[in-house]
Amino acid sequence: VWDDAVFFEDPKQSRSHDDFAKLVVQFAEDEGLTSYGLLGHSQGGFVAVHIFNYYWSGVDAAKGERKLQSLGTPYQGNSGAGFWAEVLDSLDENGCGSQEDLTRDGAQMWLSGIASHAAENMYYYTTQYDKGGLFGKGYCNKLTNAVLSSPNDGVTENAYADLEGGNFQGNTVGQCHIDGMNWPASYLDVERNKEMNAAAAR
């Protein structure tokens, strides 16, 4: 699905957006990348915008339709940030850990420093659970669903996924944030991945 992709993976870490961004920029330099787009899942969406907003990188030199893309990023924070981080860590080895930047207040503080040109370059997608369960309302994870507003993908609440000035590409029903939840993980959607790959700046 992915052409010429290089993957940065750093699971089970708790990093601020800035610390995370510095690692990604250094990784790209170490890989010899001078022109590239960024595609982030979850906190990776914050990081993509953060890099374009605060750092000179290969993203600035990238040519193509979309310099920045994200999936399942809670741009306005998460109402159960500390809680869900602990739950996700117990469900999946790729949990993000607890991080103040992901809370509702932390996200608002971060957004206040993001310039309009950075947000305008982000193309983002959301997902959510489908109907089901005892009362037919559905969920991705019972524990996180008790804390999060509905609908959600088990981590990212649709009500708090909006990036003002960004380019919303749609919401898919019947997908969750990670493996091990009640519906397939959103990042396994082959058709959306093909779309993102084709549109990615390089």
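Here are three short exercises on side-chain packing in this predicted model.

**Exercise 1: the main core**

Find which elements supply the largest nonpolar core, and see what Leu 68 touches there.

*Solution.* Start with the membership: this core has 24 residues, and those touching the most other members are Leu 38, Val 49, Ile 51, Leu 68, Tyr 75, Met 122 and Leu 163. Next, go by element: helices H1 (17-30), H2 (43-54) and H6 (116-120) and strand E3 (122-128) each give at least two residues to this core. H2 has the largest share, with six residues. Now zoom in on Leu 68: leaving out residues up to four places away in sequence, its contacts include Leu 38, Val 49, Phe 52, Ala 118 and Met 122. Finally, don't miss the second, separate core of six residues, with Tyr 129, Val 155, Cys 176 and Met 181 among them.

**Exercise 2: classify a ring pair**

Work out the geometry class of the Phe 46 and Trp 110 rings, and decide whether each residue is buried or exposed.

*Solution.* First, take the centres: they sit 5.0 Å apart, inside the 6.5 Å cut-off for a pair. Then take the planes: they meet at 80°, and over 60 counts as edge-to-face, so that's the class. For burial, the cut-off is under 20%. Phe 46 has 0% relative accessibility, so Phe 46 is buried. Trp 110 has 8%, so Trp 110 is buried too. As for location, Phe 46 is in helix H2 and Trp 110 in helix H5 (residues 104-111), 64 residues apart.

**Exercise 3: widen the view**

Which residues do ring pairs link into a cluster with Phe 46?

*Solution.* The model has six aromatic pairs. Following the links from Phe 46 brings in Tyr 75, Trp 110, Tyr 124 and Phe 168.

Terms used: Residues are numbered from 1 along each chain as its sequence is written. This is a predicted model: local features need pLDDT of at least 70, side-chain atom pairs count only at pLDDT 80 or more; totals for chains, interfaces and linings use all residues. Side-chain values use heavy atoms; hydrogens and water are left out. A nonpolar core is a set of buried Ala, Val, Leu, Ile, Met, Phe, Trp, Tyr and Cys residues joined through side-chain atoms within 4.5 Å. Buried means under 20% relative accessible area, exposed over 50%, partly exposed in between (1.4 Å probe, protein chains only). Helices (H or I, at least four residues) and strands (E, at least two) are DSSP runs, numbered from the N terminus. Contact means heavy atoms within 4.5 Å. Rings of Phe, Tyr and Trp (its six-membered ring) pair if their centres lie within 6.5 Å; planes under 30 degrees apart count as stacked, over 60 as edge-to-face and the rest as tilted.
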